[in-house]
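I sat down with my coffee to look up a few things in this model. Here are my notes, in the order I took them.

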Amino acid sequence: MRKIAFLIIIILFAAISTRAQTVTYKVYIVRFASTAHPFAIADWAYKGPTTDSVRINFMVWLIKGSNGKNILVDAGFLNDLPDAADFNVVKYTRPDSALLKLDIKPGDITDIILSHPHWDHIDGVGLFPNAHVWIQKDDYGYFVGGAWQKDGNNGGFNKRDVRTMLDLNLAGKLTLVDGDNKELMPGIKVFTGSRHTYNSQYVLVETGTNKIVLASDNIWIYYSLQHMVPASDGGTLDPAGYIKAMQRMKTMVSDTKFIIPGHDAAVFSVFPKVADGVAEVK
Ligand SMILES: [Zn+2]
């Protein structure tokens, strides 16, 4: 009898320890475009210097899971958008082609977590045929609805992206995430509060060895994080909330270097290069 009890305990223990074996992730920054000229920091950070500059890149972030999941945070854009020309975009590689540098083919992307629906983050969402897409419910609602009403603000939004998102929803390939601090899959959570758009979100990844915040445009450039100032005018609907969110991000990581801003080219001097325009966050 005691032998059987002992055996049961061993089996239970084995089952529990197998369950505790969590997924591990690798996180990469992938640049797919730059801008022709640097910008004044003041253009991107509230009351930042007009006399100092920042180099702006366009990036997507790949979270590669040991369970076979290849999760993109944001999807970049296609270069035929008028917005891209307005921004003087140079050195453009389509985001799906840029990912080939990591041996990731378009069909390999299993999920896309959209931080917000601005053109430079959402327009490429149709490039990945097998991806399931995640966006904040209120961000989506405003994007496809209120933004286009008389008193709405659709700056940075494109009608073709609205149609793509409606189609994804109709096809059952879209999940609307309802609010702050939601776990989308093991080790991957999203948070709100910065209000870069109606209800933008950022991503916390527990890699197994580290915690990494992919802030996307909830922090445009390092200057904001270093000086705890919000994005410049128009960069957030809630400047106080934007600062609070940065403070909160700092509590999530062991080192502020693991908070990754959305557009600062300096990320490539912080993390080791794995290919041209690709760095691993570690
Ligand atoms: Zn952006």
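I call a residue buried when its relative accessible area is under 20%. I kept in mind that this is a predicted model.

**Entry 1: the zinc ion.** By that cut-off, I noted both D120 and H121 as buried. I then looked up which residues act as protein donors of the zinc ion, and found D120 (OD), H121 (NE2), D217 (OD) and H263 (NE2). These donors lie 2.1 to 2.2 Å from the zinc ion. Along the chain, I wrote their spacing down as D-H-x95-D-x45-H. Next I checked the angles: the four donor atoms subtend 86 to 165 degrees around the zinc ion, which makes the arrangement irregular. To count as tetrahedral, four donors need all angles between 85 and 135 degrees.

**Entry 2: helix α5.** I looked through residues 137–144, which form α5, and listed D139, Y140 and F143 as the buried ones. Looking down the axis of α5, I saw these buried residues fall within an arc of 95 degrees, so they line one face of the helix. Among the elements that cover them I found α4 (119–122), β8 (132–136), α6 (159–170) and β9 (174–177).

**Entry 3: R248.** I located R248 in helix α8, residues 239–252. Is R248 buried or exposed? I had to settle for partly exposed, because its relative accessible area is 27%. Leaving out residues up to four places away in sequence, I have R248 touching D180, N181, F191, T192 and Y202. With D180 there is a polar contact, side chain to side chain, at 2.8 Å. I also checked R248 against D52: they are 196 residues apart in sequence, and 28 Å apart in space from C-alpha to C-alpha.

How values were computed:
Residues are numbered from 1 along each chain as its sequence is written. This is a predicted model: local features need pLDDT of at least 70, side-chain atom pairs count only at pLDDT 80 or more; totals for chains, interfaces and linings use all residues. Side-chain values use heavy atoms; hydrogens and water are left out. Buried means under 20% relative accessible area, exposed over 50%, partly exposed in between (1.4 Å probe, protein chains only). Helices (H or I, at least four residues) and strands (E, at least two) are DSSP runs, numbered from the N terminus. The arc is that of the directions from the helix axis to the C-beta atoms. Contact means heavy atoms within 4.5 Å. A polar contact is a pair of N or O atoms within 3.5 Å; within protein, one must be able to donate a hydrogen and the other to accept it, and residues adjacent in sequence count only if both atoms are side-chain atoms. Donors are N, O and S atoms within 2.8 Å of the metal (3.2 Å for Na, K and Ca); water is not among the atoms, so sites may look incomplete. Four donors count as tetrahedral if all angles lie between 85 and 135 degrees; four count as square planar and six as octahedral if opposite donors are over 155 degrees apart and all others between 65 and 115; anything else is irregular.
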